[in-house]
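Visitor: Could you take me through the salt bridges of this protein, with a close look at the ones that link distant parts of the chain?

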Amino acid sequence: MLFQMSVEVERKFICTDETLKILEKTAVCVGQREFHDQYFDTAHFALTLQDFWLRKRKGCWELKCPMIRGQSKVEELCTRYREITNLTEIQQRVREVLKERGSPQLAEKSKTQKKDEVVGSQSQTVTTDETWLSDLDLKCFAEFTTVRRSFTLKEDGVQVDLDQANFGYSVGEIEVLVTEDRDVQSALEKIEKASQKLGLTGNQKIPGKMDVFLQKYTPMHYDALMKAHIL
């Protein structure tokens with residue numbers, strides 16, 4: 001069974017006082033909220049080294065899946081991920097990724113499942129608790145809280161978030177969500193237009209919260225992702 005996925009296209013930026021003034025004049029503030037994120041991976045970074053990001057936020061799970069990166073200047077400044085929010089499909093996709101990486105934990109789990117199937121168990125039923133994390137040897141490698149102030153621009157479907165993480169990093173995000181791959185180019189054009197309206201200049205990609213967190217707290221993980229050209 002296939003579930004609906006969305007595609008998130010996003011450009012990060014540093015919000016200066018001037019950018020904030022423009023934003024407050026040209027956009028509508030839709031509120032402020034605080035949320036706590038936890039990210040999970042194996043000890044050998046089997047998910048993130050393939051650019052898969054498993055996150056739990058406010059009790060809900062999400063898996064960000066990589067897409068082919070574009071080569072234009074606009075595309076180089078943006079990230080794009082397919083987002084899966086259905087737990088059934090998340091667990092299935094994570095198992096597939098770990099199997100491709102040759103995870104010994106998954107191989108052992110598969111053997112156990114086959115034995116259970118012989119005696120008629122329901123071992124293939126998706127687990128809604130968190131035992132599946134330990135089954136796949138997934139552990140939390142990053143955890144932080146963010147205060148987010150959100151705005152909407154007049155451009156259809158464009159949202160701007162100003163994030164302040166509790167480890168001392170602030171970053172802005174221009175985001176567009178689409179449901180089809182063919183709409184990604186339109187999303188990129190909207191982001192470029194919004195960037196010009198906010199007076200954003202420069203062609204340097206701005207690091208996100210995760211980049212800064214890993215570099216600060218888990219440099220070995222950060223270095224591995226840098227060498228793999230993930231970050």
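Guide: Happily; here are the salt bridges, pair by pair. This is a predicted model, in which local features need pLDDT of at least 70 and side-chain atom pairs count only at pLDDT 80 or more, while totals for chains, interfaces and linings use all residues. Residues are numbered from 1 along each chain as its sequence is written, and side-chain values use heavy atoms, leaving out hydrogens and water.

A salt bridge here is a side-chain nitrogen of Lys or Arg within 4 Å of a carboxyl oxygen of Asp or Glu, and the count comes to 17.

Let's start with K64 and E8, whose closest N and O atoms are 3.0 Å apart. K64 sits in strand β4 (residues 60-66) and E8 in strand β1, so this pair ties together parts 56 residues apart in sequence. Strands (E, at least two residues) and helices (H or I, at least four) are DSSP runs numbered from the N terminus. K64 is buried at 12% relative accessibility, and E8 is buried at 7%; buried means under 20% relative accessible area, exposed over 50%, and partly exposed in between (1.4 Å probe, protein chains only). Both residues belong to a salt-bridge network with R55, E62 and E83.

Next, R149 pairs with E24, with the closest N and O atoms 3.5 Å apart. R149 lies in strand β6 (residues 139-152) and E24 in helix α1 (residues 17-26), so parts 125 residues apart are tied together. R149 is partly exposed at 27%, as is E24 at 42%.

Finally, D163 meets K209 at 2.8 Å between the closest N and O atoms. D163 is buried at 3%, and K209 is buried at 9%.
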